[in-house]
Amino acid sequence: TADLLQEQISELQNQANTPHSDKDYSVAYVGVADKENNYDTISDALTSLKAHSSEYDNLELVLNSGTYSEQLVVDVPNLKMRTYTGEKDVTVTWYYGIGYTYYSADSATGHYSKSAATQKASRAAVKDWGGTVILTNNAENFSAENIVFENSFNKRVTDLEIADGVTAEPSAYKDTSITLDRTEKDFAPTSRAATERAAAMVIRSDKAEFNNCDFIGSQDTLYFGANSSSTSYRGYFKNCNIYGMTDFIFGFGNVIFQKCKLLFCGYSDNYTERAFITANKAADKGFLFDRCEVDYDTSLNSNIPDRKFYLGRTWGIGAKTIFSKTVFDHMGIFNDDFWTEMSGSVAESEYKEAKSFDGDTLIKSEDITNTTRASRYSDSFSYSCSEWFSDWTPTGFEETLENAFYDFKCNNEGAYNESI
C-alpha cells in the first residue's frame with residue numbers, strides 16, 4: 001500500500017512538472033486576471049519564463065497598466081517586455097542607491113533577495129549601481145516598449161525603502177562618503193547633497209533594444225557594461241526620454257540613440273556644480289546620438305544655471321561619443337567647451353559634434369569661437385547600421401540622411417526636412 005501511494009505521488013509530481021501542450025508558456029502576463037499564465041509580480045513571471053525558456057525561440061512579458069516596485073534581474077535571452085494596453089502606462093521602479101545598506105540586499109550578489117527581505121537578519125551593500133533592472137550577459141536580444149524604468153533613490157523616499165532599513169554606511173563601499181539619514185523628516189532626496197549613484201537600467205547583455213521608453217534617475221541613470229574580454233555590448237534606443245544630471249548615460253557599449261530626448265532633471269536646491277550627459281569608457285564605437293533633443297526639466301527648479309553643463313566627460317582614456325544633428329533647446333546652459341574630463345583627458349578622447357541646432361538655427365563650424373568645441377565640431381557626419389552594429393539590425397532602426405534634420409518641434413510625424 002505504501003509503495004502504491006508513493007507511485008501515485010510520483011506520478012502527480014511528474015504531471016505537475018510536465019508542460020501541457022495546450023498551454024503557451026512563451027508569454028507571461030502580470031496583472032491580467034483573465035489570462036491563464038498570469039502573475040502578481042514581474043519577478044514571478046520572469047521565473048516562469050526562465051523555467052520554459054529552452055522550449056521557445058522567443059519569450060514575451062506583458063504588463064498591465066500600473067506601477068511595479070521591484071528590482072528585476074533578467075537572465076533569459078530573446079525576451080520582449082511590453083505593456084498590455086499598448087500605451088506607456090507601466091512604471092517599474094526600485095529604490096536602491098550607492099552608499100546605503102538594506103535588509104533585502106543579498107550579501108553576495110548585492111541584488112534583492114526575498115529571503116533576506118523576510119528575515120531582516122542583517123543589512124548589505126548593493127551592487128550594479130542599485131539598478132532597478134539588470135540585464136545579465138544571458139539576456140541577449142532583450143527588447144522593451146512603452147515602459148518607464150525609474151530609480152526612485154534620487155527622487156523620493158518610499159515607505160518600502162524605510163521598511164527595508166535603509167542606512168547610510170559609506171564604509172561598505174570603496175568610493176562614497178555620504179552619511180545623510182534618509183529617514184529624517186526634512187530629508188530632501190532631490191537635493192544635490194543627497195544625490196548618489198542609482199541606476200534605472202544596467203545593461204550587461206548584447207543587442208538590447210528600447211522603443212518609446214523612459215529612464216528616470218539623476219546620477220548614473222543608464223549603464224552599459226562590457227564582457228570579460230572588454231568587448232562592448234550593442235544597444236539601440238529610439239524615441240526614448242532619458243533623465244539625469246551627472247553621467248546619466250555612462251559606461252562602455254556601442255550604442256545608438258535615435259530621436260531621443262535627453263533631459264537635465266535639476267535639483268530641488270540651488271546648486272553651482274557641473275552636470276554631464278555622458279561618461280563613456282573606452283569602446284569600439286561608443287555612444288552615438290542621432291537627431292536627439294537636449295532640454296532642461298524645470299519641474300524641480302526653474303532656476304536654470306548658466307554655462308554649467310557638458311555633453312560628456314571622460315571616464316578613462318579613449319572615451320568615444322558623437323552628437324549628430326542635435327537640437328539644443330537651451331544652449332546657454334552649456335559650458336563653451338562642451339566637453340570636459342573626469343579621468344583621462346579630452347585630448348585622448350574621440351568626442352565629436354556635428355550639425356547641431358540652437359533651437360531652430362543651424363550651427364555652422366565657422367560660428368564657433370571656442371577652440372575646444374570647434375576642434376571637435378563638423379558640418380557633416382554620416383554612418384551606417386552595419387558600421388556600428390556589424391551583423392545586427394535593430395527592429396526599429398532608421399538610416400539617417402546626410403542632409404536631413406529631424407524637427408521635434410515642428411513635425412511630430414518625424415518627417416525629414418531636406419532643405420536644411
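## Exercises on a predicted chain

The structure, a predicted model, holds 0 disulfides.

**Exercise 1. Cysteines**

Determine how Cys292 stands with respect to disulfides and to solvent, and classify Cys265 as buried or exposed.

Solution.
- Step 1: the cysteine sulfur nearest to that of Cys292 belongs to Cys260 and is 4.8 Å away.
- Step 2: a disulfide requires cysteine sulfur atoms within 2.5 Å. Cys292 is therefore in no disulfide, its nearest cysteine sulfur being 4.8 Å away.
- Step 3: the relative accessible area of Cys292 is 0%, so this residue is buried.
- Step 4: Cys265 has a relative accessibility of 2% and therefore also counts as buried.

**Exercise 2. The chain as a whole**

Describe the secondary structure, burial, contacts and surface of the chain.

Solution.
- Step 1: the chain contains 6 helices and 33 strands.
- Step 2: it has 420 residues, and 54% of them count as buried.
- Step 3: take the contacts with a separation of 6 or more; 69% of these are between residues 24 or more positions apart.
- Step 4: about 18,300 Å² of the chain is accessible surface, and carbon and sulfur atoms account for 43% of that.

**Exercise 3. A parallel sheet**

Give the strand order of the open sheet of 8 strands, then find its edges and one bridge inside it.

Solution.
- Step 1: the order is E5-E10-E14-E17-E20-E23-E26-E29, with parallel pairing.
- Step 2: strand E5 (72–74) and strand E29 (339–343) each pair on one side only, which makes them the edge strands.
- Step 3: from one strand to the next, the twist averages 20°.
- Step 4: within the sheet, E14 (residues 201–203) and E17 (residues 222–224) run parallel and are joined by 3 bridges.
- Step 5: Val202 has Tyr223 in E17 as its bridge partner.

**Exercise 4. Two loop residues**

Compare the places, exposure and contacts of Gly225 and Ala282.

Solution.
- Step 1: Gly225 is in the loop between E17 and strand E18 (234–238), while Ala282 is in the loop between strand E23 (275–280) and strand E24 (287–290).
- Step 2: Gly225 has a relative accessible area of 0% and is therefore buried. For Ala282 the value is 38%. Buried means under 20% and exposed means over 50%, so Ala282 is partly exposed.
- Step 3: beyond four places in sequence, Gly225 touches Ile203, Arg204, Tyr233, Phe252 and Gly253. With the corresponding neighbours left aside, Ala282 is in contact with Ser232, Phe252, Ile317 and Gly318. Phe252 is thus in contact with both Gly225 and Ala282.
- Step 4: the C-alpha atoms of Gly225 and Arg204 lie 4.8 Å apart, with their positions 21 residues apart in sequence. For Ala282 and Ser232, 50 residues apart along the chain, the C-alpha separation is 8.9 Å.

**Exercise 5. Nonpolar cores**

Which residues have the most contacts inside the largest nonpolar core, and which helix gives the most to it?

Solution.
- Step 1: the largest nonpolar core has 69 residues. Leu61, Phe149, Phe210, Phe237, Ile249, Phe257 and Phe264 have the most contacts inside this core.
- Step 2: the helix giving the most is H2 (residues 42–51), with 4 residues.
- Step 3: another core lies apart from the largest one; it has 14 residues, including Trp94, Tyr100, Val126 and Ile178.
- Step 4: return to Leu61. Not counting residues up to four places away in sequence, its contacts include Ile42, Ala45, Leu46 and Leu49, and also Lys80 and Arg82.
- Step 5: as background, nonpolar side chains tend to be buried together in soluble globular proteins.

Note on methods. Residues numbered from 1 in each chain as written. Predicted model: local features only at pLDDT ≥ 70, side-chain atom pairs only at ≥ 80, totals over all residues. Heavy atoms only, no water. Buried < 20%, exposed > 50% of the residue type's maximum accessible area, 1.4 Å probe, protein only. Contact = heavy atoms within 4.5 Å. Core = buried A, V, L, I, M, F, W, Y, C linked by side-chain atoms within 4.5 Å. Areas by Shrake-Rupley, 256 points an atom, 1.4 Å probe, with all protein chains shown as cover. Pairing = 2+ DSSP bridges. Axes fitted to C-alpha atoms, helices over the stretch in contact; angles between N-to-C directions.
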